[in-house]
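Here are a few notes to help you find your way around this one. Have the structure open as you read, and take the points in order.

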Amino acid sequence: MSINLKLFGDLRIKAEPNVSGTLPLRLKIDDSEIMWVADILRKFKIEDSEVSHIFVNGRYAGFKKRVKPGDTVSLFPRNMGLLYKWYFKREEDE
Amino acid sequence: MNNLEAKFEDLPSDYAALGGRGMTSTIVAKEVPPTCNPLGIHNKIVFAPGIVTGTAAPSSGRLSVGGKSPLTGGIKEANAGTPFAQMLARMRIGAIIVEGKHQGDDYYLLKVTMDGGEFIKANKWSGKGLYGVYKDLSKEFGSKVGICGVGIAAELLGAMSGVCFNDPEGLPSRYAGRGGLGAVMASKGLKFIIVDETGAPGVEIADQEVFKVGIKKLRDALTTHDVTKPGGALNSYGTAVLVNIINEAGGLPQRNFSAGRDERAEKVSGEAKAEEIKKRGGTRPHYCNPGCIIQCSEIWVKPGNKDPVGVLEYESVWALGPNSGIYNLDDIGELNRACNDLGCDTIEAGDTIAVAMEGGLVNFGDGKGALKLMDEIRKKTPTGKILANGTEITGKVLGVTRIPTVKGQGLPAYDPRAIKGIGVTFATTPMGADHTAGYAIAPEILGVGGTLDPMDPKKAEVSRNLQLATAAVDATGYCLFIAFAVLDIPEGLEGVVESLNGVLGTNLTVNDVAPIGKSIIDIELEFNKKAGFTSLHDRLPEMFLEEKLPPHNTVFDVSDSDLDSVF
């Protein structure tokens with residue numbers, strides 16, 4: 001089973017430089033070395049500062065959130081951050 | 001309105017430091033009997049610009065409208081950003097109070113200039129859509145006037161009717177929408193207020209130096225923060241940037257609050273809308289009033305840059321879109337146009353349409369059918385009269401048991417089962433279900449502890465402090481969205497307080513923000529108590545307690561005692 005990744009807005013070009021339209025880019029990741037949200041960012045050369053909101057299975061999460069096959073990870077770019085960062089604490093496992 | 005008289009009165013000294021919501025709620029509480037019929041002779045409708053409105057302070061063109069709400073039966077404040085607000089403030093008008101009730105069937109327009117107020121018969125504009133009427137008014141009174149008006153929904157005395165202000169292009173798209181205040185205005189025989197600021201002296205500023213230092217700090221914060229700066233979230237995508245965020249969080253209500261996520265919502269996201277506006281030649285970004293740095297507004301148009309609508313806000317897109325099972329921006333745009341044209345609050349209209357869909361009037365997802373429902377209001381049919389009275393009445397008439405309201409007001413675009421703190425605010429605010437009653441002021445700034453897990457039901461303290469801070473911001477005239485910047489940049493918050501001190505000649509500090517908010521909320525709670533409200537009204541409907549919301553399959557499990565501990 002894969003990890004389901006959804007990249008929103010400008011983050012989509014990190015995985016698909018010629019992406020068009022506005023729908024989120026959906027990818028499946030099969031990589032046994034990916035254990036944390038931070039590993040996904042590294043895989044796509046995304047800096048922490050380029051990300052605003054992270055959701056793992058719809059839960060507001062941080063870089064240190066564990067991920068496993070079957071999870072859905074959604075990443076929003078810095079210029080799409082609104083509301084969550086100011087209200088809620090990111091769920092993290094470490 | 002009894003005798004069509006308008007006069008200027010000096011502001012009482014104890015009102016001198018009030019503005020916006022502080023002014024409207026104080027006047028309503030003092031002058032309106034809490035048990036009066038909201039559409040009767042004893043209710044009043046009050047218009048008040050904020051403390052810094054009309055000055056050079058950035059993003060400060062807000063105006064509060066207050067009265068007793070025909071939708072909730074309690075006190076109401078709704079606010080809007082509009083040039084009308086700035087003009088009123090520059091004329092040094094602290095508030096317009098409309099009282100009494102004109103006997104007979106005539107409608108009037110009140111024209112306000114530096115020389116006074118004049119009533120003009122406005123029957124020729126009744127029964128007509130506001131897009132055409134606002135064009136006529138601009139032709140007749142000049143393109144530089146500020147326009148306030150109510151539409152056909154208000155003529156029906158419908159509790160979903162809002163008070164509509166012009167945007168800088170003259171479009172009828174800036175609404176103090178919630179609570180049916182449009183019906184209050186129409187009930188008095190007043191259809192429009194035109195403000196002509198020719199010769200206005202400008203806002204009196206007690207200490208220019210303090211004021212200038214303050215607004216520079218705030219401007220610096222707004223222009224550097226990721227949410228508020230040019231190219232930031234609000235500027236790039238508008239408030240609808242939240243569609244995809246809340247959908248991912250599982251809190252974007254779909255089909256009358258039956259689910260919290262649907263992939264089809266991605267088709268009506270802020271990104272999709274911004275892209276479409278660009279393709280069509282509409283305008284984005286755009287400001288709702290001159291001097292706004294954030295510029296979250298826009299002008300949505302039909303293909304070919306035709307028939308401008310104005311802004312499609314997040315809550316409007318949600319209400320007229322996913323909550324009605326509609327995932328098509330053109331349908332949403334036309335429904336928003338219908339709301340603006342008829343003078344309807346988009347949130348209440350969307351909730352009403354969704355309940356009507358559940359009741360079988362049209363099917364979920366039927367955008368054209370939803371437009372036909374709005375036409376029932378336009379034609380003033382019996383069905384239209386029911387719909388114009390909002391979610392709760394429509395649901396009851398149609399035998400719908402899943403009616404998402406608190407104190408009679410339809411819930412906005414955040415499902416309280418997935419985001420429980422806002423559910424506490426929906427339940428407990430004196431306004432009825434209102435997201436803006438406790439929005440966007442950071443818990444940290446108020447010294448609130450706790451885990452702040454969105455699923456954690458322990459939210460009473462957070463909600464209380466958010467509501468107090470929001471009430472204070474609503475009094476200033478600043479847009480609530482400045483909060484994101486001033487949270488992260490302490491100098492920005494200092495700047496806000498210094499700008500208030502500059503205008504008022506006071507020595508307020510950051511620590512005074514919450515007490516100012518508390519004094520406003522206390523006034524509002526007292527009014528509602530006298531109007532018959534008890535803690536039993538501070539509850540969400542049973543559907544949120546009993547039905548699990550996919551995808552998280554959670555219910556709203558905040559205890560009654562926690563809700564009661566908010567105030």
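1. How many residues does each chain, A and B, bring to the contact? Chain B puts in 32 residues and chain A puts in 22 residues. Keep in mind as you go that this is a predicted model.

2. Let's stay with the side of chain B that touches chain A. Four helices of chain B each supply at least two residues there: α7 (233-237), α8 (242-248), α9 (270-280) and α18 (482-488). Of these, α8(B) gives the most, with four residues. Sorted by class, this side of chain B has 16 nonpolar, nine polar and seven charged residues.

3. Next, have a look at a helix pair within chain B. Helix α6 (residues 208-224) of chain B packs against helix α19 (residues 490-504) of chain B, with the axes 7 Å apart and an angle of about 150°. Angles over 145 degrees count as roughly antiparallel, and α6(B) and α19(B) are therefore roughly antiparallel to each other. Their crossing is left-handed.

4. Who meets whom in that pair? On the α6(B) side, the residues include B:Val210, B:Phe211, B:Val213, B:Ile215 and B:Leu218. On the α19(B) side, you'll find B:Gly492, B:Gly495, B:Val496, B:Ser499 and B:Val503 among them. By class, the contact of α6(B) with α19(B) has eight nonpolar, seven polar and five charged residues.

5. Now for a sheet in chain B. Three strands make up an open sheet in the order β11-β12-β13, with antiparallel pairing. β11 (283-286) and β13 of chain B stand at the edges with a single partner strand each, so one side of each has no neighbour in the sheet. From one strand to the next, the twist averages 25°.

6. The pairing can be followed residue by residue. Two bridges link β11(B) to β12(B), and B:His286 has B:Ser297 in β12(B) as its bridge partner. Strand β12 (residues 297-302) of chain B is also joined by two bridges to strand β13 (residues 306-310) of chain B. There, B:Lys302 has B:Lys306 as its bridge partner.

7. What do β12(B) and β13(B) form, and how many residues lie between them? They form a hairpin with three residues in between, and B:Gly304 in the turn has a positive phi of about 85°.

8. One last thing to check by eye: helix α11 (residues 329-342) of chain B lies across β12 and β13 of chain B. This helix, α11(B), runs at about 70° to β13(B).

Key
Residues numbered from 1 in each chain as written. Chains lettered and ligands numbered in written order. Predicted model: local features only at pLDDT ≥ 70, side-chain atom pairs only at ≥ 80, totals over all residues. Pairing = 2+ DSSP bridges. Contact = placed C-beta atoms within 7 Å. Nonpolar A, V, L, I, M, F, W, Y, C, P; charged D, E, K, R; others polar. Axes fitted to C-alpha atoms, helices over the stretch in contact; angles between N-to-C directions. Parallel < 35°, antiparallel > 145°, perpendicular 65-115°, else oblique. Left-handed = near helix turned anticlockwise from the far one by under 90°.
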